[in-house]
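Dear colleague,

I am handing over the structure we spoke about, and you will find the sequence and the model just below. After that I go through what was found in it, one region at a time.

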Amino acid sequence: MWCVPHPEKPNHTLVLLDTEGLGDVEKGDNNNDAQIFALAILLSSTFVYNTMNKIDQRAIDLLYYVTELSHLLRAESSPNLDRVEDTADFVSCCPDLVWTLRDFYLSLEADGQLITADDYLETSLRPKQDTDESLQNFNLPRLCIQKFFPVKKCFIFDSPTHRKKLAQLETLNNNELDPDFVQQVADFCYYIFHSSKTKTLSGGIKVNGPHLKSLVLTYVDAISRGDLPCMENSVLALAQTKNSAAVKKAIAHYDQQMGQKLQLPTDTLQELLDLHRASEKGAIEVFMKNSFKDVDQKFQRELQTLLETKQDDLCKQNLEASSDRCSALLRDIFGPLEEDVKQGIYSKPGGHHQFIQKTEELKAKYYQEPRKGIQAEEALRKYLQSKESVSDTILQTDLVLTKREKEMEARKKAEAAKAKAQMLKNIQRQNQLMMEKRERLHQEQVRQMEVNRANYLAQQQRDMERRLQEEAAKQEERIQAERRRLQQLRNAAPPEDTCILL
C-alpha cells in the first residue's frame, strides 16, 4: 500500500494497492486467489486487472472468482441471474474495473471495422445468446463480471521497448521507451487520476483514513480466521461507530442552533416548538448526511428520543425562566403598591376602589412588559390570588370607614338642616320685623307726607293770602296814590278852557 496526496484532487489521498497475481500455479490454492481478490475489491474504488497480451477465457475465468466472492462475502443474497436487485446494494459499492492488457499484439478490429479498447472489452465480455447449458460456463463469468462491474474501462499497452532491453527496463529513461507505450501510460494515468472516484461503502458513506483502517483490520482479521468478511457485518461495525458519531453531531447541531436562536422565556409555547422543529429538522439532516446504513433506524430513533428529551428539558427551562421573569416583574411593579398598603394609604373610605383601580393600572403595566413567557397569566393569577386577603381587608376597612363617614355625614346633614331651619326661622322673623318696621316707616312717611302736604297747602294758602293781601295792599296803595295824584291835580287845576286828558 502506497499513500500519496492526490495529484489532481485537493484534500484527497491516492492510495495505491498492489496485490499478487491471480492464478499463480506455484501457490496451488485457488482460494488464495479469491482471498486476494476479495481484499482488493473491498478496499478499492478502482480495480485494475492486469493481464498479458489479450482477453482470453483463462483471464475471464480468473476474474470469475468474483462469483465465489459473492458467496464468501455472505451478502444478503447470492448472485442470481434472474434477480439483479438482490446484489444491487453490493454492486453500488463495487469498484470500477480497469482491464489493462500488456504487450497487446492484436489488431483492434471487428467485422473489418476499427474498434476501441473499450469496444474490445465489451465484445470479450458479451455472453452468447443461446440457452444451451454447455454455454453456462462461458456466459456465467461474463454475466457476473458485467453485473459487479457496471463501470468498465480497457487500456492496451504495446511492449515498452525492444526485447533485448526488457531486462534493463527499470533503469531506462522515458526517452528510451517506445513513444506509443509512453503515451499509453500517460493516457492510463490521466484516466486514473481524473475518473477514479472516492471509495464509497454501501449506504453512500465515503471512506476516509479511519474508515480504511477499520475496513483493513476487519477484513484481514476475518481472512485470518479462515472466514472471508461478510460485507453486511463489516458495514454494521462501521455503522455502529459512524451512526453514534452522527447522533452526536446532530445533537451538537441542535444545541448550537437552539443556543443561537432561542431566548428564554418565549412568549408562547408555539414559538419554542417552532424553533425546536426547525432545529430538529436541521439535526436530522445532519444525522442523515453523516449516518450510514441505519437500516432499522435504531440510531435515528435514539436521536429522536434524545431530541424529545431536549424538547422536554427546554420546555421545563422555559417554564422556569418564565416564572422567574414574571416573579421579578411582579415584585418590581407591585412592590410600591404593597408598600402603600403597609403605610395605610388605602385604609380610608373609598380606599378599596382606589386599590382596585391602582391594581388594574399595574396589571396593564405588567402586560406591556415584553418576554414574560408562557407563565405570564398564571404568575399574575397566582400573585393576585395571594393578595385576595389584602384586598378583602382593605374592602372591610373601606366599608366600616365608609359607614362611619356616612353616619357622620348624616349627622352633619341633620344638624345643617336644623341650623338651616333655625336660620330660615330667624330670617323669617327678621323679615317679619323688617316688614313691620318698613310698614311703620311707610305709615310714618305717609303721615309725614300728609302733614307736609297740609303744611304745604296751609303755607300755600298763607302765601296766597299774603300775596292777595300784598296785592290788595299794593292796589290800595295805587288807588291811594292815584287819589293823591288826582287830588294834587285838583289842587292845581288849570283854567276852565284848558283841556285835561285822562
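**What was found**

Among contacts in the chain between residues at least 6 apart in sequence, 70% join residues at least 24 apart. Please keep in mind while reading that this is a predicted model. The chain has 502 residues, of which 31% count as buried, and its secondary structure comes to 14 helices and seven strands.

**Strand β7 and its surroundings**

A good place to begin is strand β7, which covers residues 152-156. Four of its five residues are buried, so the strand is largely enclosed by the rest of the structure. Strand β4, residues 96-102, runs parallel to β7 and is joined to it by five bridges; within this pairing, valine 98 stands opposite lysine 153 of β7.

Helix α5, residues 117-124, has Ala117, Tyr120, Leu121 and Ser124 as its buried residues. Seen down the axis of α5, these buried residues fall within an arc of 100°, so they line one face of the helix.

Alanine 117, which has its place in helix α5, also leads back to the residues of β7. With a relative accessibility of 13%, alanine 117 counts as buried, because the cut-off for that class is under 20%. Leaving aside neighbours within four places in sequence, alanine 117 is in contact with Leu108, Cys154 and Ile156. Its C-alpha atom is separated by 8.1 Å from that of lysine 153, although the two residues are 36 apart along the chain.

Glutamine 184, found in helix α7 (residues 179-195), is another residue to look at here. Its relative accessible area is 15%, so glutamine 184 is buried. Not counting residues up to four places away in sequence, glutamine 184 touches Ile156, Phe157 and Asp158. Ile156 is thus a residue to display with both, since it appears among the contacts of alanine 117 and among those of glutamine 184.

**A buried arginine**

Which residues is arginine 142 in contact with, leaving aside its neighbours within four places in sequence? They are Gln57, Ile60, Ser124, Leu125, Arg126 and Pro127, and one of these, Ser124, is also listed among the buried residues of helix α5. Arginine 142 itself has its place in helix α6, residues 136-148, and is buried, with a relative accessible area of 5%.

**The second largest pocket**

Rolling a probe the size of a water molecule over the atoms shows where empty space is left. The second largest pocket has a volume of about 270 Å³. Of the 14 residues that line this pocket, the closest to its centre are Phe355, Thr359, Lys387, Val390 and Ser391. Four helices, namely α11 (298-342), α12 (351-368), α13 (376-386) and α14 (388-491), each supply at least two residues of the lining, and α11 gives the most, with five residues. Sorted by class, the lining of the second largest pocket has eight nonpolar, two polar and four charged residues.

**Backbone details to check**

Most residues other than glycine have a negative phi, and most peptide bonds are trans. Against that background, three places in the backbone are listed here for your attention.

- Leucine 264 and proline 265 are joined by a cis peptide bond, with omega at about -5°; proline 265 lies in the loop between α9 (231-261) and α10 (269-290).
- Asparagine 11, although it is not a glycine, has a positive phi of about 60°. Asparagine 11 has its place in the loop between β1 (2-5) and β2 (13-16), and is exposed, with a relative accessible area of 84%.
- Aspartate 103 has a phi near 50°, which is a positive value in a residue other than glycine. Aspartate 103 is found in the loop between β4 and β5 (109-110), and at 28% relative accessibility it counts as partly exposed.

With kind regards

Conventions:
Residues numbered from 1 in each chain as written. Predicted model: local features only at pLDDT ≥ 70, side-chain atom pairs only at ≥ 80, totals over all residues. Heavy atoms only, no water. Buried < 20%, exposed > 50% of the residue type's maximum accessible area, 1.4 Å probe, protein only. Contact = heavy atoms within 4.5 Å. 1 Å grid on protein atoms, 1.4 Å probe; cavity = no way out; pocket = protein on both sides within 12 Å on 5 of 7 lines; lining within 4 Å. Points joined across faces, edges and corners; volume = space filled by probe spheres on them. Nonpolar A, V, L, I, M, F, W, Y, C, P; charged D, E, K, R; others polar. Pairing = 2+ DSSP bridges. Arc of directions from axis to C-beta.
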